[in-house]
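This briefing introduces the structure shown below to a reader who is meeting it for the first time. A short lead is followed by points grouped by topic.

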Amino acid sequence: MLSPPPIALVVLLSVLIGGNLRGQEERTLAKVSVQSQRAGTSAISVELRETSNASIFAVLGLPNADRLRTLDADQLSKLLTIRVQPRQGDVVLPTLLGTYSFVDGELLFQSRFPLSESVRYQVELASPLDDPKQILPSLLFSTHPKPKLPAASVSAVYPSSDVLPENLLKFYVHFTAPMSRGEAYQRIHLMQGSREIKSPFLELGEELWDIEQTRFTLLVHPGLVKRGIKPREDTGPPMSSGNEYLLQIDSDWRSADRQTLAATFVKKFRVADADYQQPNPTMWKIGTPKANTTDPVTLTFDESLDHAMLNRVLVVRGPSGDRVEGDATLEQHETRWSFKPDKPWKSDGYRVEIATNLEDVAGNSLARPFETKRVDEPDKSDEAKVASQMVVEFLVQ
Amino acid sequence: MLRRKFSWALSLGLLIPCANLNADTGMKEGTPDIKHAGALAFAPLGVLLVGDSVSASIFAIDTGDAQAATNAASVSIEKVNEKIAAMIGSSAEETSINDMAVNPLSGNIYLSVSRGRGPSAAPVIFKADAQGALSELSLKKVKFSKAVFANAPESKEGARNPRMSAITDIQFMDGKVVIAGLSNEEFASKLRLMNYPFDGSEQSTSVEVYHGAHGKLETASPVRTFVTYENSVLAAYTCTPLVNIPISDLKPGTKTQGKTIAELGNMNQPLDMIVYKKGDQDYLLMANSARGVMKLKLSKTDIEGTKAITSRIADTAGLPYETVKDLKGVVQLDKLNAKQAVLLVSNEGRQDIRTIDLP
């Protein structure tokens, strides 16, 4: 009864669809006539319409509307097929997911997802007149690339110091715009001069991004950092004390809008001896502000601490236990934390609460060293016995 | 009196939506608000567990796919990533298959997929049947339940919290969902355990692993992938040891000392594991990044009898393994039935689903 989609003649009409859509209103973006009007028939055309979250292909002017109205979605799907155009000509890809309906004389296909600008869509119509000689062309639709934002770049890499311990555990790479998942480990290289260090990082299918995908956490392979683990026993640590290295981030890395970075980024650093010591709060210095000012309270640490955690795990509380609102900044290569309150300090007692999972750059936390005790020694760092929080009190006068 | 009747009517009205609640599983009907479909596993009765790193949650979805497979099949889907990309109207470059799990009841294969690579990528779950036909698992009006991590990266007071926990593996065992993952900030080695059906309870336990040389202990290394075997968790760590942890030792708020029973060696990262039986012998099959799939003979007595690796590692230390060399590029594997396994094989941007006889 219904003839299958024609394959003999494929006339490709590329339709560029421009403009960004705003709001929920349905807009017709493109209209292509596929058959001119003949005596007694209406012109058949295909329209592409979009709302803010859906794309709809509509076929107008089909004859036999009375019969089409009685067809179910499965039967309608045999009249109109939409596929992604394959890169190689001979591949037949599955049809697009979506729903079919026949409403007000229009055959409609709503795609499951809005159209993507990275592919072209091939639309084929079965002969609506059940006439095998009536071959209709295949149409190609594609979307205009959206206006691009300026290319993203690396805005910072932490730790910011240019001297890092041999057992450095992680880097944080910050970008100016959201990035694409799935290519991080191809784009980041650890170089010693022109020699690339082989597989120095922990490569995870679930890459470690923040929710906006503007910060990437890069872990040095823990099997290479930890002493006595086979990978390190086989090859030694990826970085060794006394040498200089480059962390290189390729400009090929694409942002979420699929543009490459503005430039390659290089962080040059020298490697110092391994750090197996926990941060030592007894060596920390506190700088107290004066009452009735918004001068910062500062904590100067005995070493560089984890940039991300410093921004999260320190909380200032007032005498009643209420959180003091304000802005924290990190200075001097993450060895100094400075907190400026929104409102002036009162003449009273305050405290800084610090979660003891706060780590230094080698993964030694306030609660435990990265590599813990010998088996035959009593366990002094039992996590269960270590408080989850330490408190630094200060008096504002 | 009239007022009382009215309030009864109102109460009844409010109760009606609850009629959809499934008393056994705590599920309700609706559309789960999955932000990212990552790690997959099956709980009993065709319930699919989906790890969502972005919303720090585990979703349990009743797939309704509980019909027993009639006969063993050999599923093969070439270029599965390109086919899925075409169905969702995108390109293979902008589509990623995040995990694969076989429904042990039906033998159907489930794939978690991201459409797009940016922060607004859409999660999609696909099903492949015994004939290799792909379809989307619709998430509209399904029965589901959701458990949010106890210390989910809630919005910090006054600031956005960028800490997230990437879920690297989930498994169902003995009425519990066991979750491995790692934070994008602190370096910790906690396994999470949630009762299933979800009851709001969550336990976590730190698992220590012995270092080889120097007789050191380590407390912190995230588990990359794991399986359950003979009342134990066999966990592959990001720093490469394979460790045996008795399930009875996984108690909340405690530290457990796992026993290192094998090491994978250099330039190698564990990706996925299954346990199976052939004849009377149990085996562990592990996909890893550097060599072909590794196969270890397993037995409870071997594991118990293996001296924990606490001294300097020699190549012969721990359980011996062989490498199935012709299996290259395997990124996911799962048991299809008692005799076959399904593989997701990745090769220069192309991904295929293949079925093999268990080696």
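In chain B, 4 strands form an open sheet with antiparallel pairing, in the order 20-21-22-23. Strand 20 (270-278) and strand 23 (321-324) of chain B are the edge strands, each with a single partner, so one side of each has no neighbour in the sheet. From one strand to the next, the twist averages 25°. The model is a predicted one, and the points below describe its sheets, aromatic pairs, nonpolar cores and selected residues.

**Strand pairing in chain B**

- Strand 20 of chain B pairs with strand 21 (residues 281-288) of chain B in the antiparallel sense, over 8 bridges.
- Within this pairing, B:Asp272 has B:Ala287 of strand 21 as its bridge partner.
- Chain B also has an open sheet of 5 strands, ordered 1-9-4-3-2 and paired in the antiparallel sense.
- At the edges of this sheet stand strand 1 (28-30) and strand 2 (40-43) of chain B; each has a single partner strand, so one side of each is left without a neighbour in the sheet.
- Neighbouring strands of the 5-stranded sheet are turned against each other by 35° on average, direction ignored.
- Strand 3 (residues 47-52) and strand 4 (residues 57-62) of chain B run antiparallel and are joined by 6 bridges.
- In strand 4 of chain B, B:Ile58 stands opposite B:Gly51.

**Aromatic pairs**

- Over all chains, a search of the whole structure finds 21 aromatic pairs.
- A:Phe57 and A:Phe141 form an edge-to-face pair, because their ring centres are 5.3 Å apart and their planes stand at 80°.
- A:Phe57 belongs to strand 4 (residues 55-60) and A:Phe141 to strand 9 (residues 139-143) of chain A, so this pair ties together parts that are 84 residues apart in sequence.
- Both A:Phe57 and A:Phe141 are buried.
- A:Trp345 and A:Phe394 also pair edge-to-face, at 5.7 Å centre to centre and with 85° between the planes.
- A:Trp345 lies in the loop between strand 22 (336-341) and strand 23 (349-355) of chain A, whereas A:Phe394 lies in strand 25 (residues 389-395) of chain A, so the pair ties together parts that are 49 residues apart in sequence.
- A:Trp345 has a relative accessible area of 1% and is therefore buried; A:Phe394, at 5%, is buried as well.
- Ring pairs also join A:Phe175, A:Tyr185, A:Trp209, A:Phe216 and A:Trp253 into a cluster.

**Strand 25 of chain A**

- The side chains of strand 25 alternate: A:Met390, A:Val392 and A:Phe394 point to one face and are buried, while A:Gln389, A:Val391, A:Glu393 and A:Leu395 point to the other face and are not buried.
- Strand 25 runs antiparallel to strand 23 of chain A, and 7 bridges join the two.
- A:Val391 of strand 25 is the bridge partner of A:Glu353.

**Nonpolar cores**

- The largest nonpolar core has 38 residues, and those with the most contacts inside it are A:Phe171, A:Phe175, A:Phe216, A:Trp253 and A:Phe269.
- Among the elements of chain A that give two or more residues to this core are strand 12 (170-175), helix 3 (184-187), strand 15 (215-219) and strand 17 (265-272).
- Another core, of 31 residues, lies apart from it and includes A:Leu68, A:Tyr121, A:Ala126 and A:Phe141.
- Leaving aside residues up to four places away in sequence, A:Trp253 touches residues including A:Phe175, A:Met179, A:Arg187, A:Trp209, A:Phe216 and A:Leu261.

**Charges over rings in chain B**

- B:Arg192 lies over the face of B:Phe149, 4.0 Å from the ring centre.
- B:Lys295 places its charged end over the ring of B:Tyr283, at 4.6 Å from the centre.

**Helix 2 of chain B**

- Helix 2 (residues 80-87) is mostly covered, with 6 of its 8 residues buried.
- The buried residues of this helix include B:Val80, B:Ile84 and B:Met87.
- B:Gly89, just after helix 2, takes a positive phi of about 70°.

**B:Ile245**

- B:Ile245 is located in strand 17 (residues 241-246) of chain B and counts as buried, at 0% relative accessibility.
- The C-alpha atoms of B:Ile245 and B:Lys259 are separated by 6.5 Å, and the two residues are 14 residues apart along the chain.
- Not counting residues up to four places away in sequence, the contacts of B:Ile245 include B:Val207, B:Val233, B:Tyr237 and B:Leu250.

Terms used. Residues numbered from 1 in each chain as written. Chains lettered and ligands numbered in written order. Heavy atoms only, no water. Pairing = 2+ DSSP bridges. Axes fitted to C-alpha atoms, helices over the stretch in contact; angles between N-to-C directions. Phe/Tyr/Trp six-rings, centres within 6.5 Å; stacked < 30°, edge-to-face > 60°. Buried < 20%, exposed > 50% of the residue type's maximum accessible area, 1.4 Å probe, protein only. Lys NZ or Arg CZ within 6 Å of the ring centre and 35° of its normal. Core = buried A, V, L, I, M, F, W, Y, C linked by side-chain atoms within 4.5 Å. Contact = heavy atoms within 4.5 Å.
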